[in-house]
Amino acid sequence: MELSRCSLQLGFEKRITFIGGIVTNILITGGTGLLGVALQNSAPTGVQGYATCTPTRSLPLPLPFAILPADLNNYVEMKAIFQKSQPEVVIHTAAIGSVDFAEKNREITHKVNYEGTKLIINLCKEFNARLIFISSNAVFDGTNPFYSETAPVNPINYYGQIKADAEQLVQHSGLNFAIVRTIMLYGWQYPGGRDNPVTWWVRSLEENKPIKVVDNIYSKPLPAYSCAEVIWAVLNQNRSGIYHAAGRDHVTLYEFALKTAQVFELNSNLIEAVPDSYFPDIAIRPKDTSFDTTKMETELGVQPVSIIEGLKKMKAERFS
Ligand SMILES: NC(=O)c1ccc[n+]([C@@H]2O[C@H](COP(=O)([O-])OP(=O)(O)OC[C@H]3O[C@@H](n4cnc5c(N)ncnc54)[C@H](OP(=O)(O)O)[C@@H]3O)[C@@H](O)[C@H]2O)c1
């Protein structure tokens, strides 16, 4: 079938070419991360992509996009990537994502998550690219769910503060931008990638290790593939502004762990419910930053996924 072509006039006078409704040149930062890989795996047909990783990253499995190593804070290296990829759109997922690491390592977190975003913004301006910035539920204080896109931010830990500051950079950049805030992602990570709650629970329970899981913090866990669907919808529909992405079920982490044991047919008796005060050393967590998903559902047409559905898909992927 012949692909239809049209052009839209976007920020900075750039004409962006769509093929069958889709922008063709995409650059994803954080191409080896949970979300970065999910984006590549679900990229619409016709999208040509490049994705970045850190310079020392090993790449034991092939990835759908061409992977280009670079330090996010190195302007020369990042500019070379922009020159090679000539992106029409940059999806900036790369970040230090561990809330506890961020709390204890503020200098490097500021450098990567704030200064890195500033560098990406400057390069987007130079190359006339649109920016999709991935932010977090951690910009909220967790006292007043369900949070809509217009709710005031009030972060209570360092990671959340830096995400909120980086959002400000994006919002005042003058770029054609969208901010997608995501919450508690889960899915199989690329080899060498960071664990998420589900991968950690499954591994522990398979090894018959007892685990303690917090029962007074709530979330709406989101499979990485569903978050990717939201981002592609934002792009495909040429949306700008802020969008919240979340799963359907509103649960405590303990309830999420029980559902994980159920779907993966593991021993739920090994899971003990504890309050967050049981882990005194970790960064303070907002109690309930769960999102209102009305905008995602009505404007983007993306339906939130239930935990059982997301976990079943994850289980099937492992053995396929
Ligand atoms: N995961 C969640 O539950 C969650 C919740 C809310 C918001 N978010 C946000 O969503 C985004 C994606 O999260 P994720 O879970 O997919 O992250 P992730 O799995 O931890 O992956 C992070 C990615 O960033 C790259 N990266 C880190 N530091 C870098 C640096 N200095 N230079 C270049 N690349 C660097 C990593 O590269 P290497 O693999 O080479 O190290 C990796 O590709 C992040 O912005 C995160 O803050 C995540």
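## Terms and model

Contact, as the word is used in this report, means heavy atoms within 4.5 Å. The structure is a predicted model, and the protein chain averages a pLDDT of 92, with 92% of the residues scoring at least 70. Over residues 1-17, however, the pLDDT is below 50, and this stretch nevertheless has 41 contacts in the model beyond near neighbours in sequence.

## Threonine 93 and its loop

Threonine 93 is placed in the loop that runs between strand E7 (89-92) and helix H3 (99-104). Once neighbours within four places in sequence are set aside, threonine 93 is in contact with Ile28, Thr29, Gly30, Leu35, Gly36, Leu39 and Ile134. One of these residues, Thr29, also takes part through its backbone, since the side chain of threonine 93 reaches the backbone oxygen of threonine 29 at 2.6 Å.

Is threonine 93 buried or exposed? Its relative accessible area is 16%, and because buried means under 20%, threonine 93 belongs to the buried class.

## Threonine 117 in helix H4

A second threonine, at position 117, lies in helix H4, which spans residues 106-127. With a relative accessibility of 1%, threonine 117 counts as buried. The side chain of threonine 117 reaches the backbone oxygen of asparagine 113, the distance being 2.7 Å. Apart from neighbours within four places in sequence, the residues in contact with threonine 117 are His92, Val112, Phe133, Ala166 and Val170. Among these partners, Phe133 falls within the residue range of strand E8 (130-136), and Ala166 and Val170 fall within that of helix H5 (158-171).

## The second largest pocket and alanine 224

The second largest pocket holds about 430 Å³ of space. Its lining is made up of 22 residues, and those nearest the centre of the pocket are Val37, Ala38, Asn41, Trp188 and Glu317. Sorted by class, the lining has 15 nonpolar, five polar and two charged residues. Which helices each supply at least two residues of this lining? They are helix H1 (34-41), helix H7 (224-236) and helix H10 (307-319).

Alanine 224 is found in helix H7, one of the helices that contribute to the pocket lining. At 5% relative accessibility, alanine 224 counts as buried. Not counting residues up to four places away in sequence, alanine 224 touches Leu34, Leu35, Ala38, Leu185 and Tyr186; of these, Ala38 is also among the lining residues that lie nearest the centre of the second largest pocket. Alanine 224 and lysine 84 are 140 residues apart along the chain, and their C-alpha atoms are separated by 28 Å.

## Isoleucine 242 in strand E14

Isoleucine 242 lies in strand E14, which covers residues 241-244, and at 12% relative accessibility isoleucine 242 counts as buried. When residues up to four places away in sequence are not counted, isoleucine 242 touches Glu149, Gln171, Ile179, Arg181 and Lys295. Proline 60, by contrast, is 182 residues apart from isoleucine 242 in sequence and 35 Å apart in space, taken from C-alpha to C-alpha.

## Helix H8 and backbone features

Helix H8, residues 253-263, has as its buried residues Leu253, Phe256, Ala257, Thr260, Ala261 and Val263. Following H8 comes glutamate 265, which lies in the loop between H8 and strand E16 (271-274). Phi of glutamate 265 is near 55°, a positive value in a residue other than glycine, and at 65% relative accessibility this glutamate counts as exposed.

Asparagine 128 likewise has a positive phi, of about 60°, although it is not a glycine. Asparagine 128 is placed in the loop between H4 and E8, and its relative accessible area of 21% makes asparagine 128 partly exposed. A further backbone feature is the cis peptide bond that joins proline 145 and phenylalanine 146, for which omega is about 0°. Phenylalanine 146 has its place in the loop between strand E8 (130-136) and helix H5 (158-171).

Conventions:
Residues are numbered from 1 along each chain as its sequence is written. This is a predicted model: local features need pLDDT of at least 70, side-chain atom pairs count only at pLDDT 80 or more; totals for chains, interfaces and linings use all residues. Side-chain values use heavy atoms; hydrogens and water are left out. Helices (H or I, at least four residues) and strands (E, at least two) are DSSP runs, numbered from the N terminus. Buried means under 20% relative accessible area, exposed over 50%, partly exposed in between (1.4 Å probe, protein chains only). A polar contact is a pair of N or O atoms within 3.5 Å; within protein, one must be able to donate a hydrogen and the other to accept it, and residues adjacent in sequence count only if both atoms are side-chain atoms. On a 1 Å grid over the protein atoms alone, a cavity is a set of points where a 1.4 Å probe fits but cannot get out, and a pocket is an open set with protein on both sides within 12 Å along at least five of seven lines; lining residues have an atom within 4 Å of a point. Grid points are joined across faces, edges and corners, and a volume is the space filled by probe spheres set on the points. Ala, Val, Leu, Ile, Met, Phe, Trp, Tyr, Cys and Pro count as nonpolar, Asp, Glu, Lys and Arg as charged, and the others, Gly among them, as polar. pLDDT is the predictor's confidence in each residue, from 0 to 100.
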